[in-house]
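Please walk through this model with me, beginning with a pair of helices and moving on to the cores and loops.

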Amino acid sequence: MKFKAAIFDMDGLLLDTERVCMQVFQQACDEVQVPFDKTIYLSIIGRNATGIEHILRNYYGDNYPAVHQAWRERYNAIVLHQAIPVKDGVIELLEWLKANHIPAAVATSTKKDVAGIKLKLAQLDHYFDHFTTGCEVEHGKPAPDIYLLAAERLGIAPQHCLAFEDSNNGVRATVSANMITFQIPDLTEPDAEILALGHQVSPSLHQVLAMLQQQR
C-alpha cells in the first residue's frame with residue numbers, strides 16, 4: 001500500500017455529528033407535523049446541499065421549505081456554538097500522519113463556512129493542509145469530484161491518497177476517484193453492493209491506524 005496523503009470526510013467520520021443531525025431533523029419534522037422517514041434520511045447522508053434538497057423536495061413536496069428551515073435552525077444552534085465530540089481514533093491517526101509528514105485534507109459535503117467552524121470548535125483544523133467542500137464542486141458525492149479536487153489541492157495523484165469515509169455515498173465517491181479507501185461505518189452499514197467495491201471496512205480508526213503502522 002503506497003500512499004502519500006490522506007483525505008477525510010468530516011461528519012460521521014471525524015466528528016460524531018450524524019446522530020445529532022438526525023435527531024434534530026426528526027424534531028423539525030415533528031414541529032412541521034410531517035412524517036420522519038428514517039430510510040429517506042439515511043439516503044441523504046454524504047450528499048451535498050443540492051443532492052439533499054433534491055431528495056427531500058421529492059419526498060416532502062410543498063412542506064420542504066418549512067422542514068428545511070426548522071432543521072437548519074435547530075442544527076446550527078448546536079454545531080455553530082459548541083464542539084461536537086471527535087470520533088474514536090481520530091486524534092491518534094491524525095497525530096501519526098503528522099509525525100510521519102503525511103499531508104492531510106478534509107473533503108466534506110458540508111458548506112465551507114460551517115465546516116470551518118465545526119473543525120475549529122473541535123480543535124481539529126490545525127491538522128489539515130486543505131479542506132474542500134461540497135459547494136465547491138458541480139457534482140457532490142457519490143460523484144468523485146470533491147475527492148479529486150482535494151487531491152489536486154494537495155498536489156498528490158488520487159491513487160496515492162488514502163480516503164476515509166463512513167457513508168456509502170462517500171465510499172462510492174472515493175472508489176470512483178481511484179483512492180485507497182477505508183470505510184468506518186456510522187449510521188449506515190455497507191450493503192452487498194458497496195462491499196463488492198472491494199475497499200477496506202473497519203469498525204474504528206484505531207484498527208486502521210494499527211494496519212497503517214504495520215505497513216510503513
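How close do the axes of helix H3 and helix H4 come, and at roughly what angle do they cross? In this predicted model, the axes of H3 (residues 49-60) and H4 (residues 64-79) come within 9 Å and cross at roughly 130°. Because angles from 65 to 115 degrees count as roughly perpendicular and those over 145 as roughly antiparallel, H3 is described as oblique to H4. On the side of H3 the contact is made by Ile-52, Glu-53, Leu-56, Arg-57 and Tyr-60, and on the side of H4 by Tyr-64, Pro-65, Val-67 and Trp-71. Sorted by class, this contact has seven nonpolar and two charged residues, with no polar ones.

Trp-71 also leads into the interior, since the largest nonpolar core, of 50 residues, counts Trp-71 among those with the most contacts inside it, together with Phe-8, Leu-14, Leu-124, Phe-128 and Phe-164. Apart from this core lies another, of 17 residues, which includes Ala-5, Ala-150, Leu-154 and Cys-161. Leaving aside neighbours within four places in sequence, Leu-14 is in contact with Phe-8, Leu-124 and Phe-128, and its other partners include Pro-85, Val-86, Val-90, Val-106 and Leu-119, as well as Asp-9 and Lys-87.

Helix H8 (residues 168-176) can be read from its start to its end. At the start of H8, a side-chain oxygen of Ser-167 reaches to within 3.0 Å of the backbone nitrogen of Gly-170, and Gly-170 is itself one of the buried residues of the helix, alongside Asn-168, Asn-169, Val-171, Ala-173 and Thr-174. These buried residues pack against helices H2 (38-44), H7 (145-154) and H9 (192-195), and against strands E4 (161-165) and E5 (180-183). H8 is followed by Asn-178, which has a positive phi, near 65°.

Two loop positions complete the picture. Gly-134 is placed in the loop between strand E3 (130-133) and H7, and it counts as buried because its relative accessible area is 5%, under the 20% cut-off. Beyond residues up to four places away in sequence, Gly-134 touches Asn-48, Thr-108, Ser-109, Thr-110 and Ile-146, while its C-alpha atom is separated by 7.8 Å from that of Ala-107, 27 residues apart along the chain. Ser-202, in the loop between strand E6 (200-201) and helix H10 (205-215), is likewise buried, with a relative accessible area of 8%. A polar atom of the Ser-202 side chain lies 3.0 Å from the backbone oxygen of Ser-204, and, neighbours within four places in sequence aside, Ser-202 is in contact with Gln-183, Ile-184, Pro-185, Gln-207 and Val-208.

Key: Residues numbered from 1 in each chain as written. Predicted model: local features only at pLDDT ≥ 70, side-chain atom pairs only at ≥ 80, totals over all residues. Heavy atoms only, no water. Helix = DSSP H or I, 4+ residues; strand = E, 2+ residues; numbered from the N terminus. Buried < 20%, exposed > 50% of the residue type's maximum accessible area, 1.4 Å probe, protein only. Polar contact = N/O pair within 3.5 Å; in protein donor to acceptor, adjacent residues only side chain to side chain. Contact = heavy atoms within 4.5 Å. Core = buried A, V, L, I, M, F, W, Y, C linked by side-chain atoms within 4.5 Å. Axes fitted to C-alpha atoms, helices over the stretch in contact; angles between N-to-C directions. Parallel < 35°, antiparallel > 145°, perpendicular 65-115°, else oblique. Nonpolar A, V, L, I, M, F, W, Y, C, P; charged D, E, K, R; others polar.
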